[in-house]
Amino acid sequence: MSALHLLPNNASPLERALSESLDRTPYFGPLIDSIAGLKYGATIPAAFSPWVVAEYGLGPISEFFNDDDELIAAGIPWQRVRGTPAALFMALSWIGYLAPELEDQNDRRRKWNRYQIGMGLVPVAELPVLRDAEYLAGISDPARSRFIRGWHGYNVRALEWSEQKWGEALWSDDSGIRLPGGTVKWSHGEEIDGSIIADAADRTALGVNVTLGEVLNWGDFPWNVPGVSWDGVTDVAAFKLFLIGRLSVYVGFYDAAGDAIGYRRPVAVRDVSASHVGGPAGHVFVEVEARTDFGDGEGAVCASIALVFRAHNIDAEKPGKLWLGPEEIEFEDGFEADDMTLGPVAVDFAFRRTVRQHVTLTLEI
């Protein structure tokens with residue numbers, strides 16, 4: 001519309017001349033008309049997109065996208081469902097969580113607005129990803145909700161009377177650990193399995209290289225142990241299991257150079273020979289199970305694991321300490337580390353703050 005049409009009927013010739021000379025409608029009019037519907041087009045000009053980002057309030061999530069086009073394409077649908085589980089799942093997918101499972105707090109609890117997430121994976125880049133997950137959940141969920149815990153691979157819940165077994169729960173708390181400055185607890189676990197076959201040298205070093213009918217000398221064991229009689233060894237497998245059961249054992253963790261990262265005391269040592277029927281006569285299979293704690297060896301990269309026998313804590317006042325550093329372990333008198341280390345088993349993982357490694361090594365001996 002020309003500016004002349006806005007003048008009153010009694011406008012003077014001077015006023016009409018000034019209005020016409022200052023009228024910029026012919027210049028700006030086509031540009032103004034072209035703006036209409038511009039943000040709804042298939043492609044938004046780069047010079048215009050920051051204003052669209054600001055209009056839709058997408059600044060808080062801009063760091064998760066390479067450019068404004070990606071941000072707008074993902075952010076607008078997210079804004080439309082913000083405050084719902086759909087927004088939460090959408091946001092977590094931006095940092096690699098493709099199949100999370102949302103779990104609302106048990107409705108029997110007083111703090112009903114809390115929720116947990118089964119994340120579906122253990123992130124490789126632990127700290128930045130977990131911080132991003134906590135942040136994205138906080139701006140995607142309802143204002144009244146609180147994200148309290150994320151887990152994958154290791155999920156032990158707080159004990160609820162009459163709802164769980166005592167041996168499968170923790171008193172007053174769920175498993176996990178919080179990052180410095182964070183409010184969400186993270187509980188991750190990884191499974192590591194391996195097998196070790198002991199040779200004659202290993203059996204001799206451990207003192208379990210016995211044969212059927214072997215006549216025994218006096219030893220520091222009672223003569224009513226399984227597999228022996230006054231005439232000698234009558235059951236090689238039974239006697240081996242007895243001898244192995246008397247040896248202290250740790251699971252050792254080593255870096256690529258073969259240097260020790262640390263040693264973990266096992267949670268169980270069990271005979272699994274019944275699961276290996278058909279093996280060599282007289283051989284037994286012993287399963288050693290250990291689980292590292294959150295933060296054990298944090299930052300180190302493990303390249304191999306092994307079984308370490310006849311070792312103990314240098315500090316005699318803490319014989320039951322579960323994790324020993326390389327400087328905290330020593331071997332029984334007369335035994336060396338090389339002879340008492342069976343393995344190694346090649347692995348490849350990094351020790352992380354929120355991850356517990358569940359290690360199961362099967363020893364054939």
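Which backbone oxygen lies 2.9 Å from a polar atom of the side chain of asparagine 313? The first point below takes this up, and it should be kept in mind throughout that the structure is a predicted model.

1. **Asparagine 313.** The backbone oxygen in question belongs to lysine 318, and the distance from it to a polar atom of the asparagine 313 side chain is 2.9 Å. A polar atom of the side chain of asparagine 313 also lies 3.1 Å from the backbone nitrogen of aspartate 315. Asparagine 313 itself is placed in strand S15, which covers residues 311-313, and its relative accessible area is 6%. Asparagine 313 is therefore classed as buried, since that word is used for values under 20%. When its neighbours within four places in sequence are left aside, the residues in contact with asparagine 313 are Tyr250, Lys318, Lys321, Leu324, Glu328 and Glu330.

2. **Arginine 310.** This residue is found in the loop between strand S14 (301-309) and S15, and with a relative accessibility of 16% arginine 310 counts as buried. What deserves a careful look here is the backbone, for arginine 310 has a positive phi of about 55° although it is not a glycine. As background, most residues other than glycine have a negative phi, and most peptide bonds are trans.

3. **Glycine 343 and proline 344.** The second half of that background applies at this place, where glycine 343 and proline 344 are joined by a cis peptide bond, with omega at about 0°. Proline 344 lies in strand S18, which is made of residues 341-350.

4. **Helix H4.** Helix H4 runs over residues 68-80, and its 13 residues reach 18 Å from the first C-alpha to the last, close to the 18 Å expected at 1.5 Å a residue. At the N-terminal end, H4 is capped by aspartate 67, a side-chain oxygen of which lies 3.2 Å from the backbone nitrogen of aspartate 69. The buried residues of H4 are Leu71, Ile72, Ala74, Gly75, Ile76 and Trp78. In reading such a list it helps to know that an α-helix has 3.6 residues a turn, so residues three or four places apart point the same way. Helix H3 (49-55), helix H5 (85-93) and helix H6 (126-140) are the elements against which the buried residues of H4 pack.

5. **Helix H6.** One of those partners, H6, has 15 residues and reaches 21 Å from its first C-alpha to its last, again close to the expected value, which is 21 Å at 1.5 Å a residue. Its buried residues are Glu126, Val129, Leu130, Ala133, Glu134, Leu136, Ala137, Ile139 and Ser140. What covers these buried residues of H6 includes H4 and H5, together with the strands S2 (114-118), S3 (146-152), S7 (185-197) and S19 (355-364).

6. **The loop between S12 and S13.** Valine 272 lies in the loop between strand S12 (268-271) and strand S13 (285-291), and alanine 274 has its place in the loop between S12 and S13 as well. Is each of the two buried or exposed? Valine 272 is buried, with a relative accessible area of 13%, whereas alanine 274 is exposed, with a value of 70%. Apart from neighbours within four places in sequence, valine 272 is in contact with Phe285, Val286, Glu287 and Thr362. The C-alpha atoms of valine 272 and glutamate 364 are separated by 9.8 Å, although these residues are 92 residues apart along the chain.

7. **Isoleucine 177.** Strand S6, residues 177-178, is the place of isoleucine 177, which is partly exposed with a relative accessible area of 26%. Not counting residues up to four places away in sequence, isoleucine 177 touches Val184, Lys185, Trp186, Phe294, Arg353 and Thr354. Its C-alpha atom is separated by 9.2 Å from that of valine 355, while along the chain the two are 178 residues apart.

8. **The second largest pocket.** The volume of the second largest pocket is about 340 Å³. Its lining consists of 20 residues, of which Gly207, Phe221, Phe239, Leu243 and Arg246 lie nearest its centre. By character, the lining residues divide into 10 nonpolar, 5 polar and 5 charged.

Methods
Residues numbered from 1 in each chain as written. Predicted model: local features only at pLDDT ≥ 70, side-chain atom pairs only at ≥ 80, totals over all residues. Heavy atoms only, no water. Helix = DSSP H or I, 4+ residues; strand = E, 2+ residues; numbered from the N terminus. Buried < 20%, exposed > 50% of the residue type's maximum accessible area, 1.4 Å probe, protein only. Polar contact = N/O pair within 3.5 Å; in protein donor to acceptor, adjacent residues only side chain to side chain. Contact = heavy atoms within 4.5 Å. Expected span 1.5 Å × (residues − 1). 1 Å grid on protein atoms, 1.4 Å probe; cavity = no way out; pocket = protein on both sides within 12 Å on 5 of 7 lines; lining within 4 Å. Points joined across faces, edges and corners; volume = space filled by probe spheres on them. Nonpolar A, V, L, I, M, F, W, Y, C, P; charged D, E, K, R; others polar.
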